[in-house]
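Trainee: I have a new model open and some questions. Can we go through it together?
Mentor: Sure. Ask away.

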Amino acid sequence: MPKVFVTRKVPQKGLDMLLNQEGLEVEIWPEPLPPSRETLAQKARGIDALYCLLTEKIDDALLDAAGPRLKVVSQMAVGVDNIDIAACTRRGIPVGNTPGALTEATADLTLALMLAAARQLLPAAAGVRAGKWGTWDPLGYLGPELFGSTVGIVGLGRIGLAVARRLQGFNARLLYNNPSPGPYAKEVDAQFVDLDTLLAESDFISLHCPLTPETRYLINADSLRKMKSSAILINTARGDVVDQAALAEALQQGVIAAAGLDVTSPEPILLDDPLLTLPNALVLPHIGSASITARQKMATMAAENLLAGLGKKPLPHCVNPEVYN
Ligand code: NAP
């Protein structure tokens, strides 16, 4: 009987698609934290399909441990930087992901971070709870307006576009940088610029590129110095797109004004990370896709990919379609 290992409890709709399949042995990791590397290797031994999350590192060692029966790796996420795609392709294993399912949820959260970081929502709310709301303060908690601002989008793909669409309602001037001018710019009247121009002209800089060797530390001490001192950096992409130590220093020294981060490096962020002591750094625990709708869709899409792979059919959403050549 084909065996599936699911690395966490995911929305029931997705699990039911697997549990209701006749002739499938499904094991679901029951703990709230991911299995350790050793445990994952042990659980993966002899399986036919792996349903995983971005918290698992899928590399040669893990694939070796799983063995030759493994037919599909299905990830419940769009980003696949935790998976050695080339290693899967070498073994003829298709890798599935969930593009689109989380686009709107992540774009919503991006706007929430922009507004919260700009208007100091966290310090303001904390002040209320601490009894520091003395009176209506003409000088309290001032911040820039998103309305009418210039926003630079690094990576105008699905999520970048969904953010840009929202920003049209804010009358924002939109700049973007991609490896080459993309197909979405026309719809949102976004201007293609080089990264330096984007950094220099934007009031808000929002990161939406995948984590790749080219984008690792794309935002570093150098690029932070190219931003306006009033700039607000938003990262809902991946933690390692930003050099976090350089960002903390830039926020401390007023090189830029504020940052809103949904993703960090590592995850969870270390409790002694200086970012957690800064009033102008807003850090969330990677909840970009955490809408009920998005998580359900992600869970079912990942199940669809997995079942297709088990049935030796092309995955509806495959990261390495070259595997079928
Ligand atoms: P997507 O549609 O593939 O968009 C990514 C865009 O980034 C593409 O337009 C791509 O251009 C561009 N890009 C690639 N390399 C770049 C570079 N060096 N500089 C500038 N732009 C670059 O992916 P998506 O669905 O929007 O997702 C984007 C990323 O968001 C994912 O990879 C994931 O890491 C992250 N994410 C985070 C959350 C969260 O919970 N916070 C949720 C979902 C996704 P080309 O197409 O020309 O390569």
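Trainee: Where is S223 found?
Mentor: S223 sits in helix 10, which covers residues 221-225. Keep in mind that this is a predicted model.

Trainee: Is S223 buried or exposed?
Mentor: Buried. The cut-off for buried is under 20% relative accessible area, and S223 has 4%.

Trainee: And what is S223 in contact with?
Mentor: L199 and L218, leaving aside neighbours within four places in sequence.

Trainee: New topic. Where is P314 found?
Mentor: In the segment after helix 12.

Trainee: Buried or exposed, that P314?
Mentor: P314 counts as exposed, because its relative accessibility is 59% and the cut-off for exposed is over 50%.

Trainee: Which residues does P314 touch?
Mentor: A308 and Y324, if you don't count residues up to four places away in sequence.

Trainee: What separates P314 from Y184?
Mentor: Along the chain, they are 130 residues apart. In space, their C-alpha atoms are separated by 27 Å.

Trainee: Let's do helix 1. Which of its residues are buried?
Mentor: G14, L15 and L18. The helix itself runs over residues 12-19.

Trainee: How do those buried residues fall when seen down the axis of helix 1?
Mentor: They fall within an arc of 95°, so they line one face of the helix.

Trainee: What do the buried residues of helix 1 pack against?
Mentor: Three strands and a helix: strand 1 (3-6), strand 2 (25-28), strand 3 (49-52) and helix 12 (292-310). You met helix 12 already, since P314 is in the segment after helix 12.

Trainee: Now the ligand. How many residues surround it?
Mentor: 25. The closest are R158, I159, N178, T236 and D262.

Trainee: How does that shell divide into nonpolar, polar and charged?
Mentor: The shell has 10 nonpolar residues, 12 polar ones and three charged ones.

Trainee: Which backbone atoms should I look at around the ligand's oxygen atoms?
Mentor: Try R158, where a polar backbone atom is 2.9 Å from an oxygen atom of the ligand. Then G157, where a polar backbone atom is 3.4 Å from an oxygen atom of the ligand.

Trainee: What about a nitrogen atom of the ligand?
Mentor: One is 3.0 Å from a polar backbone atom of T236.

Trainee: How much of the ligand's accessible area does the protein cover?
Mentor: The protein covers 80% of it. On its own, the ligand has 930 Å² of accessible area.

Note on methods
Residues numbered from 1 in each chain as written. Predicted model: local features only at pLDDT ≥ 70, side-chain atom pairs only at ≥ 80, totals over all residues. Heavy atoms only, no water. Near = heavy atom within 4 Å. Polar contact = N/O pair within 3.5 Å; in protein donor to acceptor, adjacent residues only side chain to side chain. Areas by Shrake-Rupley, 256 points an atom, 1.4 Å probe, with all protein chains shown as cover. Nonpolar A, V, L, I, M, F, W, Y, C, P; charged D, E, K, R; others polar. Buried < 20%, exposed > 50% of the residue type's maximum accessible area, 1.4 Å probe, protein only. Helix = DSSP H or I, 4+ residues; strand = E, 2+ residues; numbered from the N terminus. Arc of directions from axis to C-beta. Contact = heavy atoms within 4.5 Å.
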